[in-house]
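User: I would like a close look at a single part of this protein, namely its sheet and whatever is packed around that sheet. Please give one connected account.

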Amino acid sequence: MLHKLDPNFSAAPQIALDDVARAREAGIGFIVNNRPDGEDPSAPQSADIEARAKAEGLGYAYIPVTPGGFTHAQVDALEAILAEQADRNVPVLGYCRSGTRSTFLWALTRARMGDDVDNIVAKAAQSGYDVTPIRAMMDALANG
């Protein structure tokens with residue numbers, strides 16, 4: 001289920017309500033939902049996952065990413081979460097339909113935070129995700 005991209009962030013495909021407890025047991029302390037409500041009406045929606053996360057003592061944020069685009073506001077939101085949770089040593093799980101949008105958003109955010117872009121690409125690849133389609137965006141964010 002979890003694809004560990006770095007010590008503080010993992011990506012996953014759509015999670016079920018029961019996966020929230022498993023994520024907590026795996027050391028996750030904060031969940032970021034990148035899947036827009038209604039994209040799959042049969043999947044748990046944001047409020048469902050948020051309620052379960054809170055019941056399990058986990059933090060939760062909803063940063064929906066539609067297929068086909070990322071915004072600076074989404075990168076800003078994830079950057080704030082990553083910085084805050086890193087200060088508290090709390091691992092974050094981002095999920096969407098396949099984990100790709102969560103990985104892309106993480107990659108863009110880490111590039112803007114100053115991580116080496118080649119290293120980001122390598123970390124994603126080791127976890128089974130190809131972020132080369134957004135390489136130019138990562139380079140632009142890294143160069144400020």
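Analyst: The account below begins with the sheet and then moves outward to the cores, the helices and the charged side chains.

The model is a predicted one. Its sheet is open and has five strands, in the order S1-S2-S5-S3-S4, with mixed pairing. Strands S1 (3-6) and S4 form the edges, each pairing on one side only. On average, neighbouring strands of this sheet are turned by 25° against each other, direction ignored. In general, the strands of a sheet pair through backbone hydrogen bonds, either parallel or antiparallel. Here, strand S2 (residues 9-12) and S5 run parallel and are joined by four bridges. Within this pairing, Phe9 has Val92 of S5 as its bridge partner.

Phe9 is a useful residue from which to pass to the interior. Leaving out residues up to four places away in sequence, Phe9 touches His3, Lys4, Leu78, Leu82, Val92, Gly94, Ser102 and Trp106. Phe9 also belongs to the largest nonpolar core, which has 29 residues; Phe9, Leu78, Trp106, Val131 and Met138 are those with the most contacts inside it. Two or more residues of this core come from each of S2, S3, H3, helix H4 (100-112), helix H5 (117-126) and helix H6 (135-142). The greatest contribution is that of H4, with six residues. Apart from this core lies another, of twelve residues, among them Ile15, Val20, Ala23 and Ile49. As a general matter, nonpolar side chains in soluble globular proteins tend to be buried together.

Helix H3 (72-87) also offers a polar residue for inspection. Gln74 lies in helix H3 and counts as buried, because its relative accessibility is 11%, under the 20% limit. Its neighbours within four places in sequence left aside, Gln74 is in contact with Ile63, Pro64, Val65, Gly69 and Leu105. The loop between helix H3 and strand S5 (92-95) holds Asn89. This residue counts as exposed, because its relative accessibility is 61%, over the 50% limit. The phi angle of Asn89 is near 60°, a positive value in a residue other than glycine.

Helix H2 packs on the sheet as well. It touches strand S3 (30-33), S4 and S5, and its direction makes about 165° with that of S4. Helix H2 also packs with H1, at an angle of about 35° and with the two axes 9 Å apart. The crossing in which H1 passes H2 is right-handed. On the H1 side the contact is made by Leu17, Asp18 and Val20, and on the H2 side by Asp48, Ile49, Arg52 and Ala53. Val20 and Ile49 are also among the residues of the twelve-residue core.

The charged side chains of these two helices complete the picture. The total count comes to twelve salt bridges. In one of them, the side chains of Asp19 and Arg22 meet at 2.9 Å, N to O. These two residues are three apart in helix H1 (residues 17-25), and therefore separated by about one helical turn. Asp19 is buried, with a relative accessible area of 12%, whereas Arg22 is partly exposed at 45%.

Helix H2 has a comparable arrangement in Glu50 and Lys54, whose side chains meet in a salt bridge of 3.2 Å, N to O. Being four residues apart in helix H2, Glu50 and Lys54 are likewise separated by about one helical turn. Glu50 is partly exposed, with a relative accessible area of 28%, and Lys54 counts as exposed at 54%.

A further salt bridge joins the side chains of Glu56 and Arg24, at 2.6 Å, N to O. Glu56 lies in the loop between helix H2 (46-55) and strand S4 (59-62), while Arg24 is in helix H1, so this pair ties together parts that are 32 residues apart in sequence. Both partners are partly exposed: Glu56 has a relative accessible area of 24%, and Arg24 one of 34%. Finally, Arg35, Glu39 and Arg101 are linked in a network of salt bridges.

Definitions and conventions. Residues numbered from 1 in each chain as written. Predicted model: local features only at pLDDT ≥ 70, side-chain atom pairs only at ≥ 80, totals over all residues. Heavy atoms only, no water. Buried < 20%, exposed > 50% of the residue type's maximum accessible area, 1.4 Å probe, protein only. Salt bridge = Lys/Arg side-chain N within 4 Å of Asp/Glu carboxyl O. Pairing = 2+ DSSP bridges. Axes fitted to C-alpha atoms, helices over the stretch in contact; angles between N-to-C directions. Contact = heavy atoms within 4.5 Å. Core = buried A, V, L, I, M, F, W, Y, C linked by side-chain atoms within 4.5 Å. Left-handed = near helix turned anticlockwise from the far one by under 90°.
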